[in-house]
Amino acid sequence: MSTATSTPTGTGSESGRKPTHKYAQPSKRGRMQQRWLPWAFLAPTIVGMGIFTLLPIVASIALAFFRWDIISAPTFVGFDNFAEVVQDPTVRVSFLNTIVFVIVAVALQLGLALGLAIMVQEKLPAWLRVFFRSAFFFPLILSAASVSIFMRYLFNEQFGVVNWLLSIVGIPAVPWLTTPTGSAAVVILVYVWQNFGFSFLLFIGGLASIPVETYEAASIDGATGWRKHWFVTLPLLSPTTLVASVMAIINALQVFDQPYVLTRGGPGDSTRTAVMVIFESAFQRLEFGQASAIGVILTLIIMAITAAQFRLSKRFVFYQ
Amino acid sequence: MSGTNGALREFTRRSALTALGAGIVGVTAASWPRLTGADIPGRGDNSLSIAIMGTAADAEARQKVIDAFAKVHPEIKVKVQAIQAVDWKDFFTKILTMVAAGTPPDVVYVATEGAQLFAEKLAHPLDEYLRRDADHMREYFEDVHPSLVEAFMYKGSLFQLPIDWNAANMYYNTTALTKAGLERPSDNWTHTDFRSTLAAMKKANPKDFTPYYWTNRLFGGVVPWLYANDTSFLKETKSPGGEWLWDGFYANDPSRSLRSGGYQWLEPNADDPRVFESFDYLRGLVKDGLGVRPEEGGGNSLIGLFASNRIGTTPAGGYWVQGLHEAGMTENDFDVQFFPKWRTQRHQFGTAGYAIMKTAKDKDAAWEWVKFSSSREAMQIVFPTPNTTPARRSMANQQLYAGTGPRNWKVFYDTLDRFPTTGPIPAPPQQASVETALMKNVSLAVSGDERQLKDALSSMQRDLELALRRQP
Amino acid sequence: MTTIQERVTTTAPVVKRKKRDWSVAIRVVVLLIASVFVLGPVLWTLSTSLRPPSESFQLPPAFLPLNPDLTSYEQVFKQLNIVALVVNSALVTGLIAVGQMITAALAGYAFAHLKFRGRGALFSIVLATMMVPAQVTIVPVFMLIRGVGLSDTLLALIIPAIPTAFGTFLMRQYFMGLPGELAEAAAIDGASPWRTFRSVYAPLAMPGLAIVGILAFNFHWNEFFRPLIMTISEQNFTLPLGLVSLQGNLGTGSISVVLAGVVLSMIPALVVFMFGQRALQDGLTAGTGK
């Protein structure tokens, strides 16, 4: 897989970059086959998604106009849910938190992943390289819930190992999970700890497919060290960076497991995220209509941000 | 690719793939019963389904009760479903999911947190059954304190029979206390005495020791302090009715005059000066390093910390005893005392019992189960170890606490007798959002200055108003 | 294939070689420090699970338990029906992974190499489904499952998860990296399009499929939210749900037991990870020799 050299998404145009089949014998049978064949291949995925994703989305949008507590029958309330939700201070704060979270966490995640990937891909004994790759990917095989469980102990203000380590270098005990800023920091750190391995892997793939000859040419032109990275690596890596950042942002916008297990959204609303509010509206306040309304708003935001990224990508991403 | 080699490779590849495919199909076919849940016993038959919160081990423990029940009622088939949840909120979410799935249980073990939600929307009142079987039930009510029963009254009807309960008493670590040169605090120690105790403990114990460890929860967080100060974060009123029960079963009880048709929490009370006072006291403890800044919920680290003498005191109920015992503590290492007194010594408790669902097809059978599980025989089977406090006074006895301590186990049930105004945690039908509104603001309230406390309490008042806005 | 460094060092003076060794050393140190941060918490979890609860919060933390105490692990087995949980998780994750590999391969190939009208738009729609949080669709899916009578079954977890947007995306990437000439060659040989796919492209896509399989395994083995809502009977619980119950009511569960449960749940994922490592590395760096 060479992510660095292929178009990351279908841009809809048959720009002929990758030649498609032209069957040698365009017989009538062949042409008929040609027409329904793609659909045969696509059927499981398309039908499955239609039933289990698209249909529920439509249902969810419809549900947003009703009040429903799952026990009694739904009642139609028009736009009331949307009005209430948009004015609800908890919902607003949660969305704000989510945006801030995404900015900080994704920046950290991508920065770390990129930096470490570059370091790992440069000259290293093979066994060390394998070790580092495995180590950095490791947190991904753990469940977010498990991770949050033991991270809670590590960040305990009185008895956690993190504060103990800080105390060795003279830093007083940080109130990690008991203050708003501390909690937000923990959620971000735990999330990045768990997820950077994925971006790291994508970057490794991207870096691996940059041909050595390009570096040779660059070094002949005098680009070494960080100049090499700035002028050669980063531009060539930009398609991968786009994929990595789109995925990272889409994921971060939907963060739920870590704040839910670590802090339940507290203290106050400091670590309450958009998806948490959806969950709480539905399953704790039994307001399934409002939950759907919030969900619709969040999905629209995610789509808008992703579309914006692709817009921007036209300026910053270089394809070969 | 040479001729024969290629064909051979092709052949082995294809047979390997076919074998793999066959294997996958085979596994799927073989595990079909598991995949469709057809191997779950009692599925789809019309046995009485009982939902409890707990693990598979808890369900097995209930099996003995089922066997005993079968002896009395061989015609009623029963199956117990253990639903695992971190706290009661999650448990009720699961129950609601089952209702939504069209497979609701017939009987649910409900705690105070969900009592009014169930009473309002899901449960069937026990009144007619109690009236019918009054003679049989008299013995039960004589053995159970009326405070527990009143907690399950709602608008004049009773919806559950208390089976187990826990008040928030104060546990202390004997080692830490002795190090500070102190003796067991007296029964009516005040909140000022408590503070001095904490200060003394802090002085005498190592640096990483915490005198008062508490967590931010509905049970055992700030609420015991609010109750001791004769206030609460919701305005507490009582609904009329219930005479049929009180006159029928508790006519001679000394606290008869206090009883009603059930608690009601309709309005927020976070702007009450006494609420401010209580929070300020806790804030002072935190500021002076006598108490921790609370974690949100959980409390998992608690037993380990307490057992290693890193904590001096913490609020907890009878449910803690078994855990401490398993962590290696003996009756020389810890003990329990009443919660400190302020304006009153009103304690806060939570309790639980079985509720019959409105959707139950055979309510008579469900009642037989509820009745049977309130019998001494059934309760004895279910509570062999002190991992909670039994609702029956006669069962909270020397025998139960013999192997584990605490020495002053009498404190548990005496809490109800000595302080008959002791009440349940505030849990209206909107309990989930009320609890969230409370917990959200507690941490901010106790970890800053007075200004921050005021702001946190107004925020709490506002959040509570929103939570209680929609009356069921 | 020689690397730049190798080519250059054969002609560069000794001084440059020392400088390069220094920079390698610095990098290794930085990477090692990063590894400590990454693996440290896991090691702490492992070592704490091997100690009794009263020692859990000892500071300085003893990373190497001198007397490993397996009682916590015994407790986990006592409190949970581990075998049932693992069987459920294995069935669900395994069937989802297989299902995803098949559907992603088919769909990815179609998007990459088959020409049809609306291809681009359809692909965008497929990708767009990744932007809808599971919490939004869970209730309608739940009602759907209930409608077909599959409430509270493992199939309820498996079937909706078989179509995969991300997997399709990955396989499309992968197939696009394979030259189209192969198809033309196959067509000249008289192969039908299906044949072309089955015999020519699919075998070459194994590394990509391995990635889809491994990532699918990872994600669904550890999945918490969907099983939380979709499964009700404890006989249907998957491993993450079982672990949560170790925390006990009101948090009275012992911390060492909880951590022991966490460690146990890591093991199958670790095994797959180790086997899949190779495939992952190959898949990512296919044809680049690094």
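What pattern does chain A follow when read along the sequence? Chain A runs α-β-β-α-α-α-α-α-α-α-α-α-α-α, with twelve helices and two strands. Here helices (H or I, at least four residues) and strands (E, at least two) are DSSP runs, numbered from the N terminus.

Before going further, a word on how to read this model. It is a predicted model, in which local features need pLDDT of at least 70, side-chain atom pairs count only at pLDDT 80 or more, and totals for chains, interfaces and linings use all residues. Residues are numbered from 1 along each chain as its sequence is written, while chains are lettered from A and ligands numbered from 1 in the order in which they are written. The predictor gives the complex an ipTM of 0.80 and a pTM of 0.80.

## Chain A

Of the 320 residues of chain A, 49% are buried. A residue is called buried if 20 or more other C-beta atoms lie within 10 Å of its own, exposed if 12 or fewer, and partly exposed in between, with C-beta atoms placed from the backbone. Contacts in this chain often span the sequence: among those between residues at least 6 apart, 71% join residues at least 24 apart. Two residues are in contact if their C-beta atoms, placed from the backbone, lie within 7 Å.

Chain A is divided into domain 1 (26-63) and domain 2 (79-316), with bounds that come from an automatic or database domain assignment. The C-alpha centres of domain 1 of chain A and domain 2 of chain A are 33 Å apart.

Two residues of chain A have a positive phi without being glycine, and the table sets them side by side.

| Residue | Phi | Loop in chain A | C-beta neighbours |
|---|---|---|---|
| A:Arg264 | near 55 degrees | between helix H10 (257-262) and helix H11 (274-283) | 24 inside 10 Å |
| A:Leu286 | about 55 degrees | between H11 and helix H12 (288-316) | 25 inside 10 Å |

A:Arg264 counts as buried because 24 C-beta neighbours lie inside 10 Å. A:Leu286 also counts as buried, with 25 C-beta neighbours inside 10 Å.

## Where chains A and C meet

The contact between these chains takes 83 residues from chain A and 88 residues from chain C. On the side of chain A that touches chain C, helix H1 (residues 28-63) of chain A gives the most, with 15 residues. That side of chain A divides into 52 nonpolar, 25 polar and six charged residues. In this count Ala, Val, Leu, Ile, Met, Phe, Trp, Tyr, Cys and Pro are nonpolar, Asp, Glu, Lys and Arg are charged, and the others, Gly among them, are polar.

The largest nonpolar core has 167 residues, and A:Phe200 and C:Tyr109 touch the most other members. A nonpolar core is a set of buried Ala, Val, Leu, Ile, Met, Phe, Trp, Tyr and Cys residues joined through C-beta atoms within 7 Å. Leaving aside residues up to four places away in sequence, C:Tyr109 touches A:Phe41, C:Met171, C:Phe175, C:Phe197 and C:Tyr201. Another core, of 145 residues, lies apart from that one, and B:Tyr154, B:Trp225, B:Trp265 and B:Trp409 are among its members.

## Chain C

Chain C has a mean pLDDT of 79, and 82% of its residues reach 70 or more; pLDDT is the predictor's confidence in each residue, from 0 to 100. Among the elements of chain C, helix H7 (residues 155-158) has the highest mean pLDDT (92) and helix H1 (residues 4-9) the lowest (42). Over residues 1-12 of chain C the pLDDT is below 50, and this stretch has twelve contacts in the model beyond near neighbours in sequence. Where pLDDT is low, the predicted coordinates should not be read in detail.

Further along, helix H14 (residues 255-284) of chain C holds C:Gln277. Is C:Gln277 buried or partly exposed? C:Gln277 is partly exposed, because 15 other C-beta atoms lie within 10 Å. The C-alpha atoms of C:Gln277 and C:Ile214 are separated by 9.0 Å, although the two residues are 63 residues apart along the chain.

## Chain B

Chain B is divided into domain 1 (48-166 + 350-398) and domain 2 (169-233 + 269-346 + 430-468). The C-alpha centres of these two domains of chain B lie 30 Å apart. Contact between them involves 13 residues of domain 1 of chain B and eleven residues of domain 2 of chain B. Helix H5 (residues 112-121) of chain B gives the most to the domain 1 side, with four residues. The residues of that domain 1 side divide into two nonpolar, eight polar and three charged.

Chain B also has a cis peptide bond, which joins B:Gly405 and B:Pro406 with an omega of about -5 degrees. B:Pro406 lies in the loop between helix H18 (398-401) and helix H19 (410-418) of chain B.
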